[in-house]
Amino acid sequence: MHVLVTGATGFVGNHLVPALLAAGHSVRALVRDPSEYAPPDGVDVVTGDLLDAGSFDAGLDGVDVAYYLVHSMRAGSDYAERDRRAARNFRRAADEAGVDRVVYLGGLGEDDEMLSKHLRSRREVEFILRDGEYDLTTFRAAIIIGAGSASFRMIRELTTRLPVMLTPRWVRTDCHPIAIDDVVSYLFGVLDKPGTAGETYEIGGPEVLTYAEILKQTGRLMGSGEPTIVPIPVLTPKLSAYWVALMTDVPSSVARPLIHGLKTPVVADTEAAQAQFAVDPTSFADAVRLALSEPRSRDAARAAAATGGAGR
């Protein structure tokens, strides 16, 4: 099957592309700057920017299924408008190219006024893509645990650097984390299941945890011990975002929308996904262990490739 991956240089895209290749699919990656992308062998790299209508249309030629994994949080406060424009440009181009299916990874949360700006933007992109002439399959997920995830990076650095945390009330909010390997299994699993076209699936791991529990478990697994967490009702998400940006290496443009999204409970109704896909959910502890070990494995692979060794 001929597959296009947008957002191939991002966290999820970097994990999905090798899985698609291993499954025997013909993979094309759409990137803005090919000089910043080291694709696996066999990937067709095309250049284009979803914000620049017409610049990427040729990349959709001959494509059966396109994955939409793009979002603009790192671009600044106008990310929602940029995401709207990118989604509309993509929808038009996909329709004109005759793409059969589009697979979108969005966010969890109820469709109400409680959604943060970040989560509303992800849902709005879903609605825009849904109006295309292709069949749209949507997956909705909360925090994805894996090396390269901005959310997990924030959690990891907080537990490492702050043995005592003063947090707002969102620390008691329920969340449904999921391992990156499970997300990838769902994403490429749709290619063998035509009946998933046009459907929406909520996905999550085997445990629902509060953010406090996530922080404490991560601290234990990292060997730094459980942080002491002190909720303070007057500490707002806005102040928390500044605090996170100060205490971690996560850019403030990313930390702010992530923190604002934490006030919304994000728990998946996984019944439909579990009935359709043979994915054995990875426990939170195992997902964290894999995430902590992955950078070392990735660095070893880069070293082998640089010296002409095996392991790619």
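Q: In this predicted model, which residue forms a salt bridge with Asp286?
A: Look for a Lys or Arg nitrogen within 4 Å of an Asp or Glu carboxyl oxygen. Here Asp286 pairs with Arg289, and their closest N and O atoms are 2.8 Å apart. The two sit three residues apart in helix H10 (residues 284–306), so about one helical turn separates them. Asp286 is partly exposed at 38% relative accessible area, and Arg289 is partly exposed too, at 46%.

Q: Which residues are joined into one network by salt bridges that share partners?
A: That would be Arg123, Glu126, Arg130 and Arg140. Take the Arg140 and Glu126 side chains, which meet at 2.7 Å, N to O. Arg140 lies in strand E6 (residues 135–141) and Glu126 in helix H3 (residues 117–130), so this pair ties together parts 14 residues apart in sequence.

Q: Are Arg140 and Glu126 buried or exposed?
A: Buried means under 20% relative accessible area. Arg140 comes in at 11%, so it's buried, and Glu126 is buried at 0%.

Q: How many salt bridges does the structure hold?
A: Eleven. Another one joins Arg153 and Glu157, with 3.4 Å between the closest N and O atoms.

Q: Now the strands: in which sense do E1 and E2 pair?
A: Check the bridges between them. E1 (residues 2–6) and E2 (residues 26–31) run parallel over five bridges; one example is Leu4, whose bridge partner in E2 is Arg28. Add helix H1 (residues 11–22) and you've got a right-handed β-α-β unit. E1 also pairs in the parallel sense with E4 (residues 65–68), over three bridges.

How values were computed
Residues numbered from 1 in each chain as written. Predicted model: local features only at pLDDT ≥ 70, side-chain atom pairs only at ≥ 80, totals over all residues. Heavy atoms only, no water. Buried < 20%, exposed > 50% of the residue type's maximum accessible area, 1.4 Å probe, protein only. Helix = DSSP H or I, 4+ residues; strand = E, 2+ residues; numbered from the N terminus. Pairing = 2+ DSSP bridges. Right-handed = clockwise from strand over helix to strand, strands pointing away.
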